[in-house]
Amino acid sequence: MSDEILDCLVVGGGPAGLTAAIYLARYRRNALVVDAGESRATWIPRSHNHAGFPEGINGVELLARMCAQAQEYGAIIERGTVAALTRDGDLFRAEVNGRPLASRAVLLATGVVNRQPRAIDKLDHDRAMARGLLRYCPVCDGFEVTGRRVGVLGASGGGMAEALFLRTYTDDLTLMPQDFAELSDAHRAKLAEHGIAVVERRVEALRVGEDRIEAVIEGGETLAFDSIYPALGSDPRSDLVRPLGCEIADDGCVVVGPHQETNVPGVYVAGDVVEALDQISVAMGHAAIAATAIHNRLRRAEGLAA
């Protein structure tokens with residue numbers, strides 16, 4: 001494939017990248033999806049808000065189904081990484097798993113990385129995620145903690161906003177700092193108004209049980225919860241397109257137009273790495289728009305558009 005010029009290089013094999021693969025394959029485009037295997041969708045024990053799955057679906061299973069669907073139409077999906085993406089006239093050149101290739105268009109679908117709590121190691125973190133004891137997306141699964149005891153880790157403006165969002169589902173909420181509480185008097189008044197408790201001392205450890213998670217507070221106090229939501233922010237994976245001159249917002253997301261196009265012709269972006277609602281359905285919509293725009297751009301270059 002190194003001697004072949006792709007129609008599109010898709011970077012990322014999560015819901016956005018795989019949706020784009022389905023569309024591009026059905027447009028009979030020669031596209032390659034390069035997947036590092038780091039999609040946040042793999043964390044989902046069972047999604048209940050993804051349309052078409054009334055009983056819910058596991059994130060790994062969803063990706064496997066999407067991958068199989070894309071491959072059914074001839075999409076090529078390769079595990080690995082993309083490095084050294086550069087522009088060469090009308091082409092883009094990249095290294096995929098150490099080999100060079102060229103492409104007429106690029107679709108970035110690399111998502112974001114959640115900032116994980118320092119108070120828990122990776123093994124326990126992943127066990128807690130699988131059991132629904134740690135949750136990162138109240139939009140996705142706030143319904144599942146209805147009436148439960150819930151902690152929010154990150155006593156800042158962002159943490160306050162997340163706690164207030166979760167107040168729709170439960171009145172047993174506690175906001176805790178990873179380091180120290182960064183709350184104004186107005187923040188504290190708002191939290192008190194809605195009955196949300198605030199812990200002032202930092203969380204030193206998170207201990208995972210079978211059906212609950214405990215926060216060990218500085219000084220030895222232990223608080224038990226049904227679920228804890230880390231509200232520590234996330235970091236968009238946008239570094240690959242920075243050297244191309246793509247416009248990047250202050251939060252690190254890539255700025256795009258109505259067809260998911262960047263300011264660099266031929267570069268498109270879909271999914272959580274774009275400033276939008278971080279949801280599978282949104283990422284899939286982005287990808288459908290981007291893949292269609294890429295196909296139409298290529299058609300114009302081929303003289304096949306009116």
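## Arg 93 and its sheet

Let's start with Arg 93, whose bridge partner in strand E7 is Ala 102. That pairing belongs to a bigger picture: strand E6 (residues 91-96) and strand E7 (residues 99-103) run antiparallel, with five bridges joining them. Keep in mind as you look around that this is a predicted model.

Zoom out and you'll find four strands making an open sheet, lined up in the order E1-E7-E6-E5 with mixed pairing. Which strands sit at the edges? They are strand E1 (5-6) and strand E5 (82-88), each of which pairs on one side only.

Arg 93 has a second job for your eye: its side chain meets that of Asp 88 in a salt bridge, at 2.6 Å from N to O. Is Arg 93 buried or exposed? Neither quite: Arg 93 is partly exposed, at 36% relative accessibility. Asp 88 also counts as partly exposed, with a relative accessible area of 38%.

## Two odd phi angles

Here's some background for the next stop. Most residues other than glycine have a negative phi. Now look at Ala 84, which is not a glycine and yet has a positive phi of about 55°. You'll find Ala 84 in strand E5.

Asn 97 is one to check too, since its phi is positive, near 50°. Where does Asn 97 lie? It is in the loop between E6 and E7. With 40% relative accessibility, Asn 97 is partly exposed.

## More salt bridges

Side chains of opposite charge can pair when their charged atoms come close. How many salt bridges does a search of the whole structure find? The count is 24.

One of them links the side chains of Asp 126 and Lys 122, again at 2.6 Å from N to O. Both residues belong to helix H3 (residues 122-130), where they are four residues apart, or about one turn of the helix. Why does that spacing suit a pair? An α-helix has 3.6 residues a turn, so residues three or four places apart point the same way. Lys 122 is exposed, with a relative accessible area of 59%, while Asp 126 is partly exposed at 32%.

Another bridge pairs Arg 202 with Glu 204, and here the closest N and O atoms are 3.4 Å apart. Arg 202 is partly exposed at 32% relative accessibility, and Glu 204 is partly exposed at 38%. Elsewhere, Asp 7, Arg 29, Arg 104 and Glu 302 are joined into one network by salt bridges that share partners.

## Helix H1, well wrapped

Helix H1 (residues 15-26) is twelve residues long and spans 17 Å from first C-alpha to last, close to the 16 Å expected at 1.5 Å a residue. Ten of those twelve residues are buried, so H1 is largely enclosed by the rest of the structure. Among the buried ones are Pro 15, Gly 17, Leu 18, Ile 22 and Leu 24.

What covers these buried residues? The cover includes strand E2 (8-11), strand E3 (31-35), helix H2 (59-72), strand E4 (76-79), strand E8 (106-108) and H7. After H1 comes Arg 28, which has a positive phi, near 65°.

## A buried strand

Strand E16 (residues 227-230) is a nice one to trace: Ser 227 and Tyr 229 point one way, Ile 228 and Pro 230 point the other way, and all are buried. E16 pairs with strand E10 (residues 149-153) in the parallel sense, over four bridges. Within that pairing, Val 152 stands opposite Tyr 229.

## A loop and a nonpolar patch

Finally, visit the loop between strand E18 (267-269) and helix H7 (280-301), home to Leu 277. Leu 277 joins Val 139 and Phe 165 in a nonpolar patch on the surface, and together they have about 250 Å² of accessible area.

Gln 279 is in the loop between E18 and H7 as well. Is Gln 279 buried or exposed? Gln 279 counts as buried, at 9% relative accessibility, because the cut-off for buried is under 20%. Leaving aside residues up to four places away in sequence, Gln 279 touches Asn 49, Cys 137, Val 139, Cys 140 and Asp 272. Val 139, you may recall, is part of the nonpolar patch.

Terms used: Residues numbered from 1 in each chain as written. Predicted model: local features only at pLDDT ≥ 70, side-chain atom pairs only at ≥ 80, totals over all residues. Heavy atoms only, no water. Salt bridge = Lys/Arg side-chain N within 4 Å of Asp/Glu carboxyl O. Buried < 20%, exposed > 50% of the residue type's maximum accessible area, 1.4 Å probe, protein only. Helix = DSSP H or I, 4+ residues; strand = E, 2+ residues; numbered from the N terminus. Patch = residues over 30% accessible without salt bridge, like charges linked within 9 Å, V, L, I, M, F, W, Y side chains within 5 Å. Areas by Shrake-Rupley, 256 points an atom, 1.4 Å probe, with all protein chains shown as cover. Expected span 1.5 Å × (residues − 1). Contact = heavy atoms within 4.5 Å. Pairing = 2+ DSSP bridges.
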